[in-house]
Each structure stands twice: as structure tokens, then as C-alpha cells.
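User: I have just opened this model and would like to understand the words used to describe it. Could you take me through them, with the reasoning behind each one?

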Amino acid sequence: TFVVTEPCIKCKYTDCVEVCPVDCFYEGPNFLVISPEECIDCALCAPECPVDAIMEEEDVPADQQDFIQLNAELAQQWPNIATKKPSLPDAKQWDMITPKKHLLER
Ligand code: SF4
Ligand code: F3S
């Protein structure tokens, strides 16, 4: 399954949702997640993300392992998103900043 990780926080470019053939992205205030139950591992979304936030579960770095559980959990709470929309207003400013995990809004 594919997982959205830290770089997405406060950016939310949403290019990823446009290409997903099964529409398995879910949207929170400043982050998106992928439902591991619905993702078919097509890999189309990963290259679309301008900040490389999406990767295969086995490639998630050690310091971001908690995002695997976060994607699973939040996908059940947040609404679906299947159409691109404008990124967050300060996306450019935030896209290189780490750490920003603590800024994830539920
Ligand atoms: Fe959707 Fe494919 Fe990305 Fe899974 S890998 S979230 S199915 S685009
Ligand atoms: Fe986030 Fe990248 Fe998609 S910033 S919304 S994972 S295109």
C-alpha cells in the first residue's frame, strides 16, 4: 500500500488525488491520507506529488513509521477527495520545512 508522509503537511498540493483510479484519498485540514484498504498499489500518485510525500509502505523511513498507522486511522475519519483543488496558501513556504509532524491537524 502507498502512504502519505510528512512533506504533505501544510502543503496539500492535491495533484495526487487526480490520478488515483480508485479514489482512495481522504482529506483533513492540512494533510491527506490514503486508505490502505482501498489502495491497489498502482503507484500512479507518487510521482505526481511535488514534495515527494507519497511512497510505498516498505520505503517509509524509520522516523516516519507512525504515518503508516495515521493513514489507516484518518482515512476512516476524514471525507474522500477525488478532485484537485488549490494548495494551502503557504504551501511553497512549508514544502521544504522539517520537522512539521507536530503541525498535523486532525
Ligand atoms: Fe491510488 Fe494508486 Fe496511489 Fe494507491 S497507489 S493511492 S491506488 S494512485
Ligand atoms: Fe499532499 Fe503531495 Fe498529494 S503534498 S496532497 S501528497 S500531491
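User: Why is K10 called partly exposed?
Analyst: This is a predicted model, and in it K10 has a relative accessible area of 23%. Partly exposed covers the range between under 20%, which is buried, and over 50%, which is exposed, so K10 with its 23% is partly exposed. K10 is placed in the loop between β1 and α1.

User: What makes the phi of K10 worth a remark?
Analyst: Phi of K10 is near 65°. That is a positive value, and K10 is a residue other than glycine. D52 is another case: its phi is about 50°, again positive, although D52 is not a glycine.

User: Where is D52, and why is D52 called exposed?
Analyst: You will find D52 in the loop between β3 and β4 (54-56). Its relative accessible area is 55%. The cut-off for exposed is over 50%, so D52 counts as exposed.

User: How do you know that E27 and K12 form a salt bridge?
Analyst: The N to O distance between their side chains is 2.8 Å. A salt bridge needs a side-chain nitrogen of Lys or Arg within 4 Å of a carboxyl oxygen of Asp or Glu, so this pair qualifies. E27 lies in strand β2 (residues 25-27) and K12 in the loop between β1 and α1, so the pair ties together parts that are 15 residues apart in sequence. The general idea is that side chains of opposite charge can pair when their charged atoms come close.

User: Are E27 and K12 buried or exposed?
Analyst: E27 is buried, at 15% relative accessibility, and K12 is buried too, with a relative accessible area of 7%. Buried means under 20%, so both values meet the cut-off. K12 and E27 also belong to a network of salt bridges together with K85.

User: How many salt bridges are there in the whole structure?
Analyst: A search finds 6. Among them is the bridge of K101 with D66, whose closest N and O atoms are 3.2 Å apart. This pair links distant parts of the chain, with K101 in the segment after α3 (91-94) and D66 in helix α2 (residues 66-74), 35 residues apart. K101 is partly exposed at 27%, and D66 is partly exposed at 35%.

User: What about D95 and K92?
Analyst: D95 and K92 form a salt bridge as well, their closest N and O atoms being 3.0 Å apart. D95 counts as buried at 13% relative accessibility, whereas K92 counts as exposed at 66%.

User: Why is E6 said to have no salt bridge?
Analyst: The nearest side chain of opposite charge is K101, and it is 5.7 Å away from E6. The limit is 4 Å, so the pair does not count, and E6 is buried without a salt bridge. E6 does have a polar partner, since a polar atom of its side chain lies 2.7 Å from the backbone nitrogen of K100. E6 sits in the loop between β1 (2-4) and α1 (15-19), and its contacts beyond four places in sequence include Q64, F67 and P99.

User: What is special about the bond between T98 and P99?
Analyst: It is a cis peptide bond, with omega about -10°. P99 is found in the segment after α3.

User: Why is F31 called buried?
Analyst: Its relative accessible area is 0%, and buried means under 20%, so F31 is buried. F31 is in the loop between β2 and β3 (32-34). Its contacts beyond four places in sequence include V4, K12, W78 and L104. The C-alpha atoms of F31 and K12 are separated by 5.7 Å, although the two are 19 residues apart along the chain.

User: Which classes of residue surround the two ligands?
Analyst: The shell around ligand 1 has 12 nonpolar residues, with no polar and no charged ones. Its members include F2, C20, P21 and I34. Around ligand 2 there are 9 nonpolar, 1 polar and 2 charged residues. K12, T14 and D15 are among the residues surrounding ligand 2.

Notes
Residues numbered from 1 in each chain as written. Chains lettered and ligands numbered in written order. Predicted model: local features only at pLDDT ≥ 70, side-chain atom pairs only at ≥ 80, totals over all residues. Heavy atoms only, no water. Near = heavy atom within 4 Å. Nonpolar A, V, L, I, M, F, W, Y, C, P; charged D, E, K, R; others polar. Helix = DSSP H or I, 4+ residues; strand = E, 2+ residues; numbered from the N terminus. Buried < 20%, exposed > 50% of the residue type's maximum accessible area, 1.4 Å probe, protein only. Lys, Arg positive; Asp, Glu negative; His and termini not counted. Polar contact = N/O pair within 3.5 Å; in protein donor to acceptor, adjacent residues only side chain to side chain. Contact = heavy atoms within 4.5 Å.
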